[in-house]
Amino acid sequence: MRYEPVGHGSPPLQKVKGEAQAVEIRRLSKPFWITVIISAVSLMAFVSFLSWTLDRNSIRSSEHIFTAMLGDRSDHLADITLEYGYWNDAVENLVESFDMTWIRETFVDYMQEELQIDGIHLLDGNNQPKVHVVEGKVANTDLRVRYGPSMSVLIADARNTPQDEAPVPATGLVGNLETLYLASAVLLTSYTEDSDTSTDHVLVFARPINASVLADMAEKYHLPGLGLAQIPPAFWQAGYDIETVDRRHLGFFVWNPELAGFRMLPLLALGVLAVYLGMYLSARMFFHRATDTVRALAEAKHQADKVKELLANQVRSDPLTGLGNRRLLDEKLALLQDVKPLADGHALLYVDLDRFKEINDTYGHETGDLVLLHVAEALTGLVNADDTVVRLGGDEFVIVFGRARRERVLSASRAIVEQLSRPVNLDGATYTFGASVGVAFSHKPSELLRQADVALYSAKRRGRAQVAVYSSDLLDFRHVPIQSAAQPG
């Protein structure tokens, strides 16, 4: 009988096969784990780069918003400075004479409370100060101590305005990090309908950029932690160089913008862990979050555009009445250059209130403001949707008509005089004033304001509550009788 040793060879063979399979599994698993690790590292690098890119875009977008905001604030201050520097009343009361009562009424209260201008300075031709209004009070001050050497450069720039031309305000940052100001200076200039006359006096307005102002800016324009610093902004911060008008670098505006990439860091950690559980789920979650981030950036850009549009509208509006200002008037007249006029030409009304100064002097500026608001509402109610009502300043208003025939313009003029001559009840008291109106028709929009001003002057000379239409005869005021009742508004 043959013997076959079956049972002696099987256990060693199975053991060798099992060990070989284990080695093979371990060998095959190495590329898999290497692939997983490489994928995880690649994903981390990609997400980190994307996070960095989004953060950079967030910072740049925030810096663009700040730049636009600071530029608009500078333009707004320059406009205010020009309104007061390019003004016959200012030349009369600050240069030709020195009326401290007028200074207090014009600058002390309104500038500090309404316009947040706490530094107003008048310098003569020798750069010697004539008056300082500081923080709502007439007081002595040293411009160099208060604003540093930058103020001298700003004043010199303002004096560079060509003689007997419309002045150009010089605007910029002055001071230091402890006391930083946005200042604007202009050469005082008077004007007539035909020419400008420069003086040697300079008017300076200064707005502080302090902690309170920075906090207000941070809240209004979404600039968290906005402040001043001597060192550049950190990697995660946004910044803007602070450079004075004499090119001195003081430091930086620094704030902490909302970083889209930083908000993704927790998801980054979860994403790396999710890679080991499933590449598909990890990728899907990541791209879903990236889509949300892109939407957030698009919404942030939309909000920035809305803020920019709001600032642009504020620059073109009168802060008291909400009507347009001189800038809007200039834009409307420029647009009329491309509009074909009716047979009588384009039309413009120049309205000046009668006895308004008496109301201000007798009842105060608050009552005067109520009167101006009433007038603004009345004028708005007398025009059509395509007409534009503008307050030039003080008690002077202008209406630019869209396409209106002569009859409607003259009818509106008479209605304005009639309505504003009626007694009006404001805050329980009755006040009586009036208005004079100058009317101009011209095929040249650039001539409208000057001609209406000539007509208004003629109406004023004839007496209160008058309407005058411009003609070349009005240029010779010797033929216009002066009525004893005609008093300036």
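Q: In this predicted model, which residue in strand 9 does Glu-243 stand opposite?
A: Let's start with the strands themselves. Strand 8 covers residues 238–243, and strand 9 covers residues 249–255. These two strands pair in the antiparallel sense. Across from Glu-243, in strand 9, stands His-249.

Q: How many bridges pair strand 8 with strand 9?
A: It helps to recall how such pairs are held: strands of a sheet pair through backbone hydrogen bonds, either parallel or antiparallel. Strand 8 and strand 9 take the antiparallel sense. Their bridges number six.

Q: Which strands are the edge strands of the open sheet in the order 7-9-8?
A: This open sheet is made of three strands, and the pairing is antiparallel. An edge strand here pairs on one side only. That description fits strand 7 (227–229) and strand 8 (238–243).

Q: What does the twist of that sheet average from one strand to the next?
A: We are still looking at the open sheet with the order 7-9-8. Going from one strand to the next, the twist averages 35 degrees.

Q: How many residues of strand 5 are buried?
A: Strand 5 runs over residues 180–191 and has twelve residues. A residue counts as buried when its relative accessible area is under 20%. By that cut-off strand 5 is mostly covered, and its buried residues number eleven.

Q: Which residue in strand 5 stands opposite Val-174?
A: Strand 4 spans residues 170–175 and runs antiparallel to strand 5, with six bridges joining them. A hairpin of four residues links strand 4 to strand 5. Facing Val-174 from strand 5 is Tyr-181.

Q: Which residue in strand 6 is the bridge partner of Ala-185?
A: Strand 5 also pairs with strand 6 (residues 196–208): the two run antiparallel and are joined by ten bridges. They form a hairpin too, with four residues between them. In strand 6, the partner of Ala-185 is Val-204.

Q: Are helix 9 and helix 13 parallel, antiparallel, perpendicular or oblique to each other?
A: Helix 9 covers residues 326–336 and helix 13 covers residues 445–462. Their axes lie 7 Å apart, at an angle of about 130 degrees. Angles over 145 would count as roughly antiparallel, and 65 to 115 as roughly perpendicular. An angle of about 130 degrees falls in neither range, so the two helices are oblique.

Q: How many charged residues take part in the contact of helix 9 with helix 13?
A: From helix 9 come Arg-326, Leu-329, Leu-333 and Leu-336, which meet Pro-445, Leu-448 and Leu-449 in helix 13. Six of the residues of this contact are nonpolar and none is polar. Arg counts as charged. The number of charged residues is one.

Q: Is Gln-116 buried, partly exposed or exposed?
A: Gln-116 sits in the loop between helix 3 (100–114) and strand 1 (119–123). Its phi is near 55 degrees, a positive value in a residue other than glycine. Its relative accessible area is 48%. Buried needs under 20% and exposed over 50%, so Gln-116 is partly exposed.

Q: What value is the phi of Arg-355 near?
A: Arg-355 belongs to the loop between strand 10 (346–354) and helix 10 (356–363). Its phi is positive, in a residue other than glycine. The value is near 65 degrees.

Q: What percentage of the residues of the chain count as buried?
A: The chain holds 13 helices and 16 strands. It has 489 residues. The share of them that count as buried is 42%.

Note on methods
Residues are numbered from 1 along each chain as its sequence is written. This is a predicted model: local features need pLDDT of at least 70, side-chain atom pairs count only at pLDDT 80 or more; totals for chains, interfaces and linings use all residues. Side-chain values use heavy atoms; hydrogens and water are left out. Buried means under 20% relative accessible area, exposed over 50%, partly exposed in between (1.4 Å probe, protein chains only). Two strands pair if DSSP finds at least two bridges between them. Axes are lines fitted to C-alpha atoms, for helices over the stretch in contact, and angles run from 0 to 180 degrees between N-to-C directions. Angles under 35 degrees count as roughly parallel, over 145 as roughly antiparallel, 65 to 115 as roughly perpendicular and the rest as oblique. Contact means heavy atoms within 4.5 Å.
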